[in-house]
Amino acid sequence: MRKELKNKTYDEERALYHLTETDVTDCIFGGPKDGESVLKECRDIRVKGCSFSLRYPLWHAEKFSLSDSFLDANTRAPVWYSKDGEISNCGIDGIKTLRECENILIKNCVVHSPEFGWKCREIDIEACVMESEYFLFESKDIRIGNLRMNGKYSFQYIENMTVENSFLDTKDAFWHSKNVTVKDSVVKGEYLGWYSEGLTLIRCEIIGTQPLCYCKRLKLVDCRMHGCDLAFEYSDVDATIDGHIDSVKNPKSGKIVADSVGKIISEDSVVECGAEILVRGEKVSAE
């Protein structure tokens, strides 16, 4: 039989350690004793309508849900080494949220958390607003939909990810990423996608200087580019662009098709570059 804890306050170290088969509702995790790890090693719990102001509350948790709750800035590293969980309708301000977690759904949340989602697997993010630096660093098997994200250095060293219908405002995104597909999204920021392998952008709006350099197996399908100068340097690229590209510099191989190109730069190359550049069917030459 499931148990219920309701309208309680907990502030001691490991106050509910290894709690199992319990609903935790409208509780406060905070107080003068400032105890850590209040719900460590929990199993099959549902946490709803709670407020957190203590460090490391959900470590090594399994089969859990966290909903309609607020985790303030004192809730440092709130969810680590956990799996098979759902986080919904929450506000999270704790630094280093989600580390080495597996099979977690995050939906309808507002998150302000530097170093969010490092070294995780099988993470779904849906209809969230997030602000983070080094967002999802070295994570794998990620699905994102309807995300509004602001930060720096996002999605670096990530593998196997799909992003749809999202707005990403972040510099140095997708560096060293592998097998990433982004659809119907806005990607804004400097130095997009350098050193990526298997990055595919479909019907995306790309904004920012010097995008998509040193890429392998790069593909753009019916994308738009704004303020994108010195694009595609030393990349293996297959791109169709709706509209204008400010400038293209030394693309290594493949084909780039656009409505217009402001400048094609072929100079100071340290590798052999032979990509074909077409202005809607008319081959153009470098300056």
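This passage describes the overall architecture, the salt bridges, the nonpolar core and selected surface residues of a predicted model.

In this predicted model, the protein chain contains zero helices and 31 strands. The C-alpha atoms of the chain fill a box of roughly 70 × 30 × 25 Å when the box is taken along the principal axes. Of the 287 residues that make up the protein chain, 50% count as buried.

A total of 21 salt bridges is found in the structure. One of these salt bridges joins R2 to D23, with the closest N and O atoms lying 2.9 Å apart. R2 belongs to the segment before β1 (3–6), whereas D23 is part of strand β3 (residues 20–25), so this pair ties together parts of the chain that are 21 residues apart in sequence. The two partners are placed in separate accessibility classes: R2, with a relative accessible area of 29%, is partly exposed, while D23, at 17% relative accessibility, counts as buried. The assignment of D23 as buried follows because the class is defined by a relative accessible area under 20%, and the value computed for D23 is 17%.

D23 also takes part in a salt bridge with R46, for which the closest N and O atoms are 3.0 Å apart. This pair likewise links distant parts of the chain, with R46 in strand β5 (residues 43–48) and D23 in strand β3, at a separation of 23 residues. R46 is partly exposed, its relative accessible area being 39%. The two salt bridges of D23, with R2 and with R46, belong to a network of salt bridges in which R2, D23, D44 and R46 are linked.

Elsewhere in the chain, E197 forms a salt bridge with R217, and here the closest N and O atoms are 3.8 Å apart. The pair again connects distant parts of the chain, since E197 lies in strand β23 (residues 197–202) and R217 in the loop between β24 (205–207) and β25 (218–226), the two being 20 residues apart. With a relative accessibility of 28%, E197 counts as partly exposed.

The largest nonpolar core comprises 76 residues, and among its members F29, I87, I106, I125 and F232 touch the most other members. Strand β25 gives the most to this core, contributing four residues.

At the surface, K140, K178, K216 and K252 form a positive patch. Of these lysines, K140 is located in strand β17 (residues 140–145) and, at 32% relative accessibility, counts as partly exposed. The value for K140 is compatible with membership of the patch because patch residues are required to have over 30% relative accessible area and no salt bridge.

A further partly exposed residue is D246, for which the relative accessible area is 33%. D246 is found in strand β27 (residues 244–249). Between D246 and C90 the separation is 156 residues in sequence and 41 Å in space, taken from C-alpha to C-alpha.

Note on methods: Residues are numbered from 1 along each chain as its sequence is written. This is a predicted model: local features need pLDDT of at least 70, side-chain atom pairs count only at pLDDT 80 or more; totals for chains, interfaces and linings use all residues. Side-chain values use heavy atoms; hydrogens and water are left out. A salt bridge is a side-chain nitrogen of Lys or Arg within 4 Å of a carboxyl oxygen of Asp or Glu. Buried means under 20% relative accessible area, exposed over 50%, partly exposed in between (1.4 Å probe, protein chains only). A nonpolar core is a set of buried Ala, Val, Leu, Ile, Met, Phe, Trp, Tyr and Cys residues joined through side-chain atoms within 4.5 Å. Patches are made of residues with over 30% relative accessible area and no salt bridge: like charges are joined within 9 Å, nonpolar side chains (Val, Leu, Ile, Met, Phe, Trp, Tyr) within 5 Å. Accessible areas come from the Shrake-Rupley method with a 1.4 Å probe; for residues, only the protein chains shown count as cover. Lys and Arg count as positive and Asp and Glu as negative; His and the chain ends are not counted. The place of a charge is taken as NZ of Lys, CZ of Arg, CG of Asp or CD of Glu.
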